Amino acid sequence: MVFILLATIPPARADEFAALLSGLASDSFAEKEQAVIALGKLGDERAVVVLTALKDGRLIKAPDGRVLVSDMTKLTDPTTGADVSGVTADDRIRVNNRLRGAIEGALGQLTLFSSAPAARLAAAQDALRHPSADQATLLEKAIAAEKDPAIRAAMEQSLLASRLFSGTKPEKLAAVRALGTTTEPQIRNLLDQFRAAPDNDRELQHAADAAIGSIENRLRLVSLAASLFEGVSLGSVLLLAAIGLAITFGVMGVINMAHGEMIMLGAYAAYVCQQLFRTFLPPAWIDGYLVLAVPVAFLFAGAVGVALERSVIRFLYGRPLETLLATWGVSLILQQAVRSIFGSPNKEVSNPAWMTGGFDAIGGFTITWNRLVIIIFCLIVLAVLALLLNRTRFGLHMRAVTQNRAMASVMGIRSPRIDALTFGLGSGIAGMAGVALSQIGNVSPNLGTIYIVDSFLVVVFGGVGNLMGTLVGALSLGIVNKFLEPVAGAILGKIVVLVAIILFIQRRPRGLFALKGRTAEAGG
Amino acid sequence: MVSLAPAYPFGPRKSAWSPGFWACFLACGLLLAVAVPAINLWMPPNSAAALPDYLVPLLGKYLCYALLALSLDLIWGYAGILSLGHGAFFALGGYCMGMYLMRQIGTRGVYGNPLLPDFMVFLNWQKLPWFWWGFDHFAWAAAMVILVPGLLALVFGWLAFRSRVTGVYLSIITQAMTYALLLAFFRNDMGFGGNNGMTDYKDILGWDVHQPATRLALYLASVAALGLGYLLCRYITSSKLGRVLLALRDAESRVRFLGYSVTNAKLFVFTVSAILAGIAGALYVPQVGIINPSEFSPGNSIEIAIWVSVGGRGTLSGAIVGAILVNMAKTWLTGAAPETWLFVLGALFVLTTLVFPRGVVGLFRQARWTRPRAAAPVVAGEQA
C-alpha cells in the first residue's frame, strides 16, 4: 500500500475539516445536516468533493471511522487526497431529501472557492440573486482569498447586495450608496426590493431612491450608447456597400444594378483567399488572409467592373433605364455563375483571431472587434477615396469628365478610358465592401441582392454625386434603423425607414446634399 | 439631351382602329378564346394535338402575365415611367382575391373554423381583423381588386409626380415601395398569412377551383380581361391623352410649358396601369392556387420590364408577345435545365437593351415596312 500526499493542507483548517467529516458519519440526520452546512461555510475546496460524493451516495464510512470517497475504481481519503483502495469499506452514508437540499445549498456556496475562475465568477454573480447574511460572511472570506480583480469586484458587489438585507444601518447605507454607482439592471431590481422592505427608515428610503435614479440614468445612457454603436456599425456597412455606388451612380450617373454582385464577388474573393491560405500555407499564417483579400477583392471586382463598362455600359450612356435593365441582367448572370462554381449553400469566412471577440465597454454592452474594424476600415476607404478624387490627377480628370465631357475631351483627357477606370474604381470599392461583409455574415450568391436596395437608397438619400452626402446618408439611415428597432421591431423599423425615404424623396428629389446650378442639370 | 424619338410608333393616328387592326385582334381573340378550349375539350387526350387539362391554368397564367406586361408597357412605353414596383400592384390584386378564396373555404380548413382561415387559428387569433370584412362576398373582393391597387397607385403617384420625381429616382422609389410591402407581408401579425401566404383554396363563386371546367372558365376570363385591357390601353394611347403622354415621355418640361398638366396625365395613366396589374393578379391567384409575399420581391417587378423589352416597348402587342414568349421559355428551361435559366434571362436583359432595343414586334414591323423609319422609342432627354 502506497500513501501519496497530493495536497498540502493548512493545519488549523485541516482539523476543522476532519471534525466536520466525522459529523457526516454520524447516525443522526440532524447532525449530518449541521455538518453539511458547516462544510458549506468552511470555504474549503475539498468539501466540494465530499459533498458531491455524499449527494451521489459515494461517501463511505470505513470501519476505523474515517470517511472515504468512493470512485468507481478506487477509494480516496478526502482529508489528504491519498489513495486508500486497500481499505475494506462497509457502510454507505445515507442521505434524505432534507439533507440533499442542504447539500445543494452548501455546494452553491462552495463554488465561490472553486479553483476554476469561471465557476467562481458564476458563483459570485449567482450570489447577487439571493442575498443573505450567510452569503455575506462567505463572500467576505472569498474576497480575502480572491486574486483575480474582476472576480473580486463581482464578489464585492454581491457582498454589498447581501449587506442590504442583513447588515447594520450604516452598513446598509454604505451599501446603497456604493450600489448606486453600478450599471446593472439586476442591482436596480434588488434596490427596488430593498426600498419596498417595511423596516426602512426615511434616510434609507431616500438613499435607495437616489441610487435607483442614478442607476436608471446610467442604464439609459448605456442603451443609448449601445443603439448608437449598433447604428454606426450598420451605417458603416451601408456606407461601404454604397460608396462604390456613389461613384458609379453618383458621379457617372450609371444605374448599376449589378453593384450588389460586385460586393458578392468581393466576398467570394475573401473566401477563396481564405481557402488558399488554409491549403497552401502553414496554419500560423491563416490570420493574414484578410490582408491579402482586400487588394485581391479590389482588383478582381474592379476588373469585372471595367469589363462590364467596356462591354455593356458604354453603349448605354444617357439611357439610364436601359442601363438599369442591362446591368440587372448582368447581375443575374454573375449570381448564377457564382452559384454554378461554388454551389448555392452559404460559405463561411471566419474572422481572423485579431478580429474575433470583443471588449466589454460598460454595463454589459460589448463592442465586437469585427464591427469596430469595419467602422475603421470604412472610414479609411472613404478618406482615401476623397484624397483620390480631390488630390490626384486621375481624380481631376474624373471630375472634369463628369462636369463637362466634351470640354474635357478637348483638353486632351481620354474620356472613355476615364469612364472605364472610374467604373472599375467604384466596382473595386464594392469588392472591398464584400470582404468586410464576409466578416459579419455568411457568403452566398445572393449576398448582393440584400444590399442593392439599401445602397441605392443611401445614395439617393444622401444626394447624388456627393461623398459627404453618402456618409451622412448611410450613418443616419443606420442610426435611425437601430433606434427604431427596439420601438417598432426590426422589420417594422425597416419598413418605416423605407416609407420615410420614399416621402423624403418627394420633398427633396435630389437628396440631402443636392448639387446646385448647372451641374445639377447635367449630373442628374 | 433631347431625344430623336419617333413621332408615333403606330404611324398616322387614324390607323389605330382600322379594319385591319380589328381583323387581327379578332383573329387572335378567336384563337385564344375558341380554339384553345375547343382543342382542350374535343381533341382525344392521347392525340398529338391534345391540350391536357393541366396546361389550361398554365396558359391562363401566361395571359395574366401578359396583362401585367401590358399595364407596364402603358406607362413605360408611352409615358416613360419605369415602375419597378408593378409586381406590388399585381400582388395586391392577388391578395384581395386570395382573401375571398380563403373565406370560401369555410369549415373545410384543417381546423374547421367557420370564420377564421387556418393560419389565423394557428396564430391564436380570436376574430377576423377589420380589413377582412366583406371578403366573403365576391362583389366586395372584386371591388377591392380594383380599389386597393388603384388607391395605392393614386396616392403614391400623386406624391411622386407632384414633386416631379422622374426617371431613375422614380424607379428606385417604386422598388423601395414593393420592397417595403414585401417585408410587411412577410410579417405574421399583418394578418395575411405571413411567409406562407394563402393557399389551399376550394371554391370560387361556388365552383370547385380544381375542376377542369372551372379552370377553363378562369382561362376564358383571363382572355377576356387581356382583350379588354388591350383595347383600353390602345384607346388611351391613340387618344389625345396618348399623344400628350408620348410628348411628355420625350420632353417633359416642354409639355409642361405648353400648358398641359403633366402630373394629372401621368397620375391617370399610372393608376389605370396599377388597376390592370391588380386585375391580372386577381385572375392569376385562383389559377396558380397560391399567393405569397414573394410576389412582392423587387426581382419579380424587374422581370416584367424584360417581358416588355423583349416584346417591344411602346407597342402594347409587344408586351403581350414578350410576356408569353419569355414565360414559355422560363417554364421550359426551368424544367429542362434549371441552372441555365438565369443565364438566359440575364442575357435577354443585356441583349434586348443593347442589340434589339425594339424587341420582337419592333423587328417584325421594321421588316414589314420598307420605308425608312426613325429609331425605336428611346427614353432619354430629361430622364434623370
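This report walks through the confidence, domains, helix packing and chain contact of a predicted two-chain model.

## Ground rules

Residues are counted from 1 along each chain as its sequence is written, while chains are lettered from A and ligands numbered from 1 in the order in which they are written. Since the model is predicted, local features need pLDDT of at least 70 and side-chain atom pairs count only at pLDDT 80 or more, whereas totals for chains, interfaces and linings use all residues.

## How confident is the model?

For the complex, the predictor gives an ipTM of 0.80 and a pTM of 0.76. Residue by residue, the guide is pLDDT, the predictor's confidence on a scale from 0 to 100. Chain A has a mean pLDDT of 81, with 91% of its residues at 70 or more. Among the elements of chain A, helix α12 (residues 289-311) has the highest mean, 94, and helix α21 (residues 518-523) the lowest, 42. (Helices are DSSP runs of H or I with at least four residues, strands are runs of E with at least two, and both are numbered from the N terminus.) Two stretches of chain A to read with care are residues 1-11, where pLDDT is below 50, and residues 517-524, also below 50.

In chain B the mean pLDDT is 87, and 92% of the residues reach 70 or more. Confidence there peaks in helix α10 (residues 262-288) of chain B at 96 and is lowest in helix α14 (residues 359-368) of chain B, at a mean of 80. Residues 1-8 of chain B have pLDDT below 50, with 19 contacts beyond near neighbours in sequence. Residues 372-384 of chain B stay under 50 too, and the model gives this stretch 43 contacts beyond four places in sequence. Here, two residues are in contact if their C-beta atoms, placed from the backbone, lie within 7 Å.

## Domains of chain A

Chain A is assigned domain 1 (11-108), domain 2 (114-200) and domain 3 (222-477 + 489-523); such bounds come from an automatic or database domain assignment. The C-alpha centres of domain 1 and domain 2 of chain A are 29 Å apart. Five residues from domain 1 and seven from domain 2 of chain A make the contact. On the domain 1 side there are one nonpolar, two polar and two charged residues. In this scheme Ala, Val, Leu, Ile, Met, Phe, Trp, Tyr, Cys and Pro are nonpolar, Asp, Glu, Lys and Arg are charged, and the others, Gly among them, are polar.

## Two helix pairs in chain A

Helix α9 (residues 185-196) and helix α10 (residues 202-251) of chain A pack at about 160°, with axes 10 Å apart. Axes are lines fitted to C-alpha atoms, for helices over the stretch in contact, and angles run from 0 to 180 degrees between N-to-C directions. α9(A) and α10(A) are therefore roughly antiparallel (over 145 degrees; under 35 is roughly parallel, 65 to 115 roughly perpendicular and the rest oblique). Their contact includes Leu191(A) and Phe194(A) of α9(A) and Ile212(A) and Ile215(A) of α10(A). By class it has nine nonpolar, one polar and five charged residues.

Helix α15 (residues 393-403) and helix α17 (residues 415-438) of chain A pack at about 110°, also with axes 10 Å apart. That makes α15(A) roughly perpendicular to α17(A). Among the residues in contact are Phe394(A) and Met398(A) of α15(A) and Ile418(A) and Leu421(A) of α17(A).

## Where the chains meet

At the interface, 43 residues of chain B contact 36 residues of chain A. Helix α6(B) supplies the largest share of the chain B side, 14 residues. That side divides into 32 nonpolar, eight polar and three charged residues.
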